[in-house]
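Reader: I would like to learn how the two faces of a helix are read from a model, and how strands are placed in a sheet. Could we begin with the helix?

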Amino acid sequence: MFNRIKEDIACVFDRDPAAQSVFEVITTYPGFHAVLIHRLSHFCWLAGFRWLARFIAHIGRWLTGIEIHPGAVIGRRFFIDHGMGVVIGETAVIGDDCTLYHGVTLGGTSWDKGKRHPTLHNGVVVGAGAKVLGPIDIGENARVGSNSVVLKPVPAGVTVVGIPAHVVDPKSKVATAERDKIAYKMGFSAYGATTDMPDPIAYAINHMLDHIHAMDNQIETLQKALNDAGIKYPETPISKLDGCEIEDGYDEDEL
């Protein structure tokens, strides 16, 4: 038990540069408190003391602002940063080295009994305000961007953003099962997002516009070839697409 507590404290320093001391983590971090309280409530839940488990979880919610159902299964070195508004459902399963930020919901989409909440595999990062709903798997080392709504399984090693969530880079390779700890730490992105992350919607629309421009060029070439061959081709006015490009991000000079 004490080794697990030491791991929980150590992971705070790995993922939160604002942490100053062990005493500060023990006394002022609601995410750390929520995990400790959940371990007690989960023990009572497994022992058959269901009401007591729910009451302990209720007290934990009142103290920390984090609601974790005592039936949820949570792995080692689990870190909840800030924590306010986090909700973790009864059948949720969270692997080792996972990170959640404030406002995250691991919820269900059905009132049926059985597995109805998501499973987060090892190393998953879920950004602030994200909603992961239903009995879906979030693959190892995957990242969910802030305020995303995830309704489908997420492959290992990719980043998803948006409503509903889309994979940022569809060509991303699936991460290997054995994670390099140093590479993982260097590649850790707070809130599951980076400043240079592309928008998948803008990416798709920009490619559609590129395709339309290419078709316009081909039609103009065909028109010229027909006219050169003596075949009169009637021209029909076509609206221009100039200025329709969708920029991915914003121009810092305009701020």
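Author: A residue counts as buried under 20% relative accessible area and as exposed over 50%. In this predicted model, Phe2, Asn3, Lys6 and Asp14 of helix H1 are exposed, whereas Asp8, Ile9, Cys11, Val12 and Arg15 are buried.

Reader: Why are the buried residues said to lie on the same side of H1?

Author: An α-helix has 3.6 residues a turn, so residues three or four places apart point the same way. The buried residues of H1 cover an arc of only 160° around the axis, which puts them on the same side, and the exposed residues Phe2, Asn3, Lys6 and Asp14 lie on the other side.

Reader: Against which elements do the buried residues of H1 pack?

Author: They pack against helix H2 (22-28), helix H3 (30-46), strand E3 and strand E6 (99-100).

Reader: In what order do the strands of the sheet that contains E3 and E6 run?

Author: Six strands form this open sheet in the order E3-E6-E9-E12-E14-E15, with mixed pairing. Its edge strands, E3 (79-80) and E15 (166-167), each pair on one side only. Within the sheet, E12 (residues 143-144) and E14 (residues 159-161) run parallel and are joined by two bridges, and Arg143 stands opposite Thr159.

Reader: How is the sheet of five strands arranged?

Author: That open sheet has the order E1-E4-E7-E10-E13 and parallel pairing, with E1 (67-68) and E13 (149-150) as the edge strands. Strands E4 (residues 87-88) and E7 (residues 105-107) pair in the parallel sense over two bridges, and Thr105 is the bridge partner of Val87.

Notes. Residues are numbered from 1 along each chain as its sequence is written. This is a predicted model: local features need pLDDT of at least 70, side-chain atom pairs count only at pLDDT 80 or more; totals for chains, interfaces and linings use all residues. Side-chain values use heavy atoms; hydrogens and water are left out. Two strands pair if DSSP finds at least two bridges between them. Helices (H or I, at least four residues) and strands (E, at least two) are DSSP runs, numbered from the N terminus. Buried means under 20% relative accessible area, exposed over 50%, partly exposed in between (1.4 Å probe, protein chains only). The arc is that of the directions from the helix axis to the C-beta atoms. Contact means heavy atoms within 4.5 Å.
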